[in-house]
Every structure is written in C-alpha cells, then in structure tokens.
Amino acid sequence: MSASNNDATAVLSPISGQAEESEQNSQPAPKPSSDAQKPAADGARPATERKRSAKAGETRRFKIFCGSSNRALSEEICKFVGVPLGDARLQRFADGEVYFQLLENVRGVDVFVVQPTCRPVDEHLMELLIMIDALKRASAGRITVVMPYYGYARQDRKDRPRVAITAKLVADLLSTAGANRALLVDLHAAQIQGFFNIPVDHLFASPVLVGYVRDLNLPDLTIVSPDAGGVERARFFAKKLEVPLAIVDKRRTDMNVTEVMNVIGDVRDRTCLILDDIIDTAGTLVGTVEALIEQGAKKVYACASHPVLSGPAVERIANSRLEQLIVTNTIPLREDALRVPKIKVLSIAGLLGRAIESIHMETSVSTLFN
C-alpha cells in the first residue's frame, strides 16, 4: 500500500451518516446536488424571511387616503387602481377641532391624499393640512396631495388694492405642512402652478367631457368661452371636436355678479356649448345662456369641471333655458342638485387613477391627453 493510503482514516459521511474512508488533504468535499442548489420553496423559507419579502412587495405599491369632502370619489379611484382605501380615523372634537390618526403603517410608502377643498372650504382645507402633517410624522416616503378642486383659486392676483392672493397662500400652506407633490384638476388659472415650490401635475377634465359631448352628436355645434380667461380651455375643446369657437365678453361688477356685454363670433342657428371651469351661483351661466339665445342660438348646453353650485344656483339652472348642464364629480353635488334632471354628472375617477399610477411609476402624465 502506498504512503498516501496509510494516512486514510474513517469518517462519517455527511449524507448517509455511515463510516467511509477518506484521505487527509485529498479531493475537496463533494458539491451538493442540483436539488440542494435550487431555492427553497416559499413554505421552506424562514418565517422572518417570508415576512420581510411580503413587506417589500407591499411597499412597491402605493396607498391612498382621503378626508371627508368627497369619499365617494376616493373609493372610485381606489377601485380603478385596485388599491384599498387607507385605514384612518378622522373625527372632530366638541369645539370643531380636527383629529386624524393613521391606523396602518406608511413608513417609506408612496402616499396619495385625495381631498377637494370644496364647501365648507376652510374645514376641508384644515383637514387636508392635518392629514399631511400626520403622514409626514409617520415617515411616509412621499406625500402627493390630490385636489380635484382647488379652493381659494379665484383670488390669484391683486385685482384691487390691499387684497390677499389666497391661491399662493394655500400653495405655501400645503408645502409647509409637508406635501412633496400636488395633483390638481382644472385650475381657475394655469399660472397658479407657479405659486408652488413643489412639482405640480395639472390635469384637465376635457378628455372626460369631450367623450360625452361627442357621443351626444350635437348638430351645428359651437364651443363658447364665457370669458376671456377661459379661451385656452375652450379652444382645446373646440379643436378636439373640430368645431368653431365663440367668446362672451363679460364684466364683473361685484363678487359673484357679472354682466354680459357682447358675444364675439357667429352663433345664429347654432347649437352652443358653454365651457367653464367653475359654476358657483350660476348667475354668469344663466346670463350667458340668455345672451346666446338672443343672438339666435337654437339650443344651449353647458359643461363645467367644478359644480360648486352655491346659493340660488340650482334653482337658476332648473328654471333657465339651458338644455343640459354637464359636470364632473370633483365636488359632490348637493341633494337638491341631484334631483334636477338637466344636470348630468360624469366621473373623473379613471383620469385621476391613471395619473396617480403614472406619478407612482415615474412615467409621463401628459400622455393621458394625447
């Protein structure tokens, strides 16, 4: 027997447990079988590893929370994107103070807060600020405020001496509270985006409204802008439908009071569609309808993104010669407005849902309008 065989000793096999001969400093230990190299099944992994993997999968998605202003819209958005509405407690103290508590973990999560600041504007705005602060203190990864209706937007410049610019003030409040991004719908003036020191995605409800109007197949249609400020919005609408554009010259004599002066463009024997962003007391709307009919329009329809409908608005619309008012659900309708047959509500949940997914996935939001 050679010298190397004299060094042989008996060791236990790591596989069978039986004694077998091996040589010191001989061949390396056998490689594990191919089955041993395969990853273990999910049930075979340690519980801590499975738990960690599940949490990693959850954080790749986003979470949506909402306030009290339009919960129905928030639930529609969640249904569209396939994400459950976030669990939270929103209550008020006896004196009206807002109490908000998150009931689930948001650490490092991409969070979207849906809250239009509609009537009562101050209460809903305060709710939104408190929700943002709670998310910031809970270490949310990114906080995006989704405001289908941006309250205080109409005071966007100093049109008179010694007045506030509330559109800028609200933008500063949102940033200070801890918002990292804003998703807004049909701002009263597009330049309000410049008031923010955070990224802003500005959506238009036009794709939803255009589709519905196209299906109506209105004959001899003319799009009408109720003022000079809405010409860009109306031009986009007219271009999509390939119809002419008219403009109404109006003068504002007081808050919520306007006077229609002239109609610029041919509306005689035409079906007119008034396009506006906000309908508040409906005084401007009804006055525009009468001016168009006096100029020879056959029928008058109207579209608006935000149905604020304050004070006598619903009664004015119901008693007017308007054929139909088409609005979106950025703001929940009042009970009396729901009973008016000529008011038609379209949902923008799909539009907002696609925008939320684009923001979360870091893809282009502008492609929604191509």
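Let us start at a small spot: setting aside neighbours within four places in sequence, Glu97 is in contact with Gln91 and Arg92. Glu97 sits in the loop between strand S4 (88-92) and strand S5 (98-102). With a relative accessible area of 47%, Glu97 is partly exposed. The C-alpha atoms of Glu97 and Glu127 are separated by 9.3 Å, although these positions lie 30 residues apart along the chain count. Please keep in mind as you read that this is a predicted model.

**The whole chain**

Stepping back, the protein has 370 residues, and buried residues make up 45% of them. Its secondary structure comes to twelve helices and 16 strands. Among contacts with a separation of 6 or more, 61% are between residues 24 or more positions apart. The protein exposes about 19900 Å², and carbon and sulfur atoms supply 49% of that area.

**Two nonpolar cores**

In soluble globular proteins, nonpolar side chains tend to be buried together. Here the largest nonpolar core has 42 residues. Ile64, Leu203, Ile223, Phe237 and Leu352 are the residues with the most contacts inside this core. Helix H12 (residues 349-361) gives the core its largest share, six residues. A second, separate core holds 35 residues, including Leu102, Ala140, Leu184 and Phe195.

Ile223 is a good residue to click on in the largest core. Beyond its neighbours within four places in sequence, Ile223 is in contact with Ala234, Phe237, Ala238, Leu241, Val243, Pro244, Leu245, Ala246, Leu273 and Leu275. Several of these names come back in helix H8, discussed next.

**Two helices with a buried side**

An α-helix has 3.6 residues a turn, so residues three or four places apart point the same way. Helix H8 (residues 231-241) has Val231, Arg233, Ala234, Phe237, Ala238 and Leu241 as buried residues. They lie on the same side of H8, because they cover an arc of only 160° around the axis. Glu232 and Lys239 are exposed on the other side of H8. After H8 comes Glu242, which has a positive phi near 60°.

Helix H4 (residues 71-81) can be read in a similar way. Its buried residues are Leu73, Ser74, Ile77, Cys78 and Val81. These fall within an arc of 140° when seen down the axis of H4, so they line one face of the helix. What covers them includes strand S3 (62-66), S6 and H12. H12 also supplies the largest share of the largest core, as noted above. Gly82 follows H4, and its phi is positive, near 75°.

**Backbone details in the loops**

Most residues other than glycine have a negative phi, and most peptide bonds are trans. Some places in this model depart from that, and the table gathers three of them.

| Residue or bond | Backbone value | Location |
|---|---|---|
| Arg119 and Pro120, cis peptide bond | omega about -5° | Pro120: loop between strand S6 (110-114) and helix H5 (121-137) |
| Ala282 | phi about 70° | loop between strand S13 (271-279) and helix H9 (283-294) |
| Leu309 | phi near 50° | loop between strand S14 (299-307) and helix H10 (313-319) |

Are Ala282 and Leu309 buried or exposed? Buried means under 20% relative accessible area. Ala282 has 4% relative accessibility and therefore counts as buried. Leu309, at 2% relative accessibility, counts as buried too.

**A cavity, and an exposed leucine**

How many cavities of 30 Å³ or more does a search of the whole structure find? The search finds one. About 40 Å³ of space lies in the largest cavity. Its lining is made up of Tyr149, Tyr150, Ala153, Val185, Asp186, Leu187, His188, Ile278 and His306.

Finally, have a look at Leu338, which lies in helix H11 (residues 335-338). Exposed means over 50% relative accessible area. Leu338 has 55%, so this leucine counts as exposed. The C-alpha atoms of Leu338 and Val314 are separated by 9.5 Å, and the two residues are 24 residues apart along the chain.

Conventions. Residues numbered from 1 in each chain as written. Predicted model: local features only at pLDDT ≥ 70, side-chain atom pairs only at ≥ 80, totals over all residues. Heavy atoms only, no water. Core = buried A, V, L, I, M, F, W, Y, C linked by side-chain atoms within 4.5 Å. Buried < 20%, exposed > 50% of the residue type's maximum accessible area, 1.4 Å probe, protein only. Helix = DSSP H or I, 4+ residues; strand = E, 2+ residues; numbered from the N terminus. Contact = heavy atoms within 4.5 Å. Areas by Shrake-Rupley, 256 points an atom, 1.4 Å probe, with all protein chains shown as cover. Arc of directions from axis to C-beta. 1 Å grid on protein atoms, 1.4 Å probe; cavity = no way out; pocket = protein on both sides within 12 Å on 5 of 7 lines; lining within 4 Å. Points joined across faces, edges and corners; volume = space filled by probe spheres on them.
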